[in-house]
Amino acid sequence: AGYQHRRRTQGSYAARTMRWGGVILALFLVYHILDLTTGTLNANGVEGAVYANVTSDFHRWYVTLFYAAAVLALGFHIRHGMWSAMQSLGASNALRQRALQTFSFAVAFLIVVGFLSVPFAVLTGLVA
């Protein structure tokens, strides 16, 4: 008997990677709390010095890279979650499907761009 192969599931990239995206988001949440909330992992780590804590954090490329990966995972989660919610609530039909997919993507894209603007502005020197 030959090997059995698992068939690839159909769906978008976001739908197929929800499990790993959730793991990345959970790890990021723990890191974010320890870094910017408690100051335990922050190089500056001064309570109330939000600007200094954020800039000291995002001057390190590896922190910005991890933050970017987590925000991209968040974007995939939001896009898939919005699309699935609208489908489950009955808002989707053959005529509206493309518009709702575009809307879900646009919302997720704007959130990702907004969240990534700060770390990349610090990393590139736009914010000192």
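This briefing covers one long helix, the aromatic pairs and one buried acidic residue in the structure above. The model is predicted, so local features need pLDDT of at least 70 and side-chain atom pairs count only at pLDDT 80 or more, whereas totals for chains, interfaces and linings use all residues. Residues are numbered from 1 along each chain as its sequence is written, and side-chain values use heavy atoms, with hydrogens and water left out.

**Helix α5**

- Helix α5 (residues 97-124) has 28 residues and spans 39 Å from its first C-alpha to its last, close to the 40 Å expected at 1.5 Å a residue, where the expected span is 1.5 Å times one less than the number of residues; helices here are DSSP runs (H or I, at least four residues), numbered from the N terminus.
- At Ser117, α5 bends by about 35 degrees, and Pro119 follows within four residues; the bend is the angle between axes fitted to the seven residues ending at a residue and the seven starting there.
- The buried residues of α5 (buried being under 20% relative accessible area, exposed over 50% and partly exposed in between, with a 1.4 Å probe and protein chains only) include Leu100, Ser104, Ala108, Val112 and Leu116.
- These buried residues of α5 pack against α3 (50-58) and α4 (61-88), contact meaning heavy atoms within 4.5 Å.
- Gly125, with a positive phi near 90 degrees, follows α5.

**Aromatic pairs**

- There are six aromatic pairs, counted when ring centres of Phe, Tyr and Trp (its six-membered ring) lie within 6.5 Å, with planes under 30 degrees apart called stacked, over 60 edge-to-face and the rest tilted.
- The Phe28 and Tyr67 pair is edge-to-face because the ring centres are 5.3 Å apart and the planes stand at 70 degrees; the pair links helix α2 to helix α4 across 39 residues of the chain, and both Phe28 and Tyr67 are buried.
- Phe105 and Phe109 form a stacked pair, with 5.9 Å centre to centre and 20 degrees between the planes; Phe105 is partly exposed at 47% relative accessibility, as is Phe109 at 45%.
- One aromatic cluster is formed by Phe28, Tyr31, Phe58, Phe66 and Tyr67.

**Asp35**

- Asp35 lies in helix α2 (residues 18-37) and is buried without a salt bridge, the nearest side chain of opposite charge being Arg60 at 4.6 Å; a salt bridge requires a side-chain nitrogen of Lys or Arg within 4 Å of a carboxyl oxygen of Asp or Glu, and in assigning charge Lys and Arg count as positive and Asp and Glu as negative, with His and the chain ends not counted.
- Leaving aside residues up to four places away in sequence, Asp35 touches Thr40, Leu41, Asn42 and Asp57.

Conventions. Helices (H or I, at least four residues) and strands (E, at least two) are DSSP runs, numbered from the N terminus.
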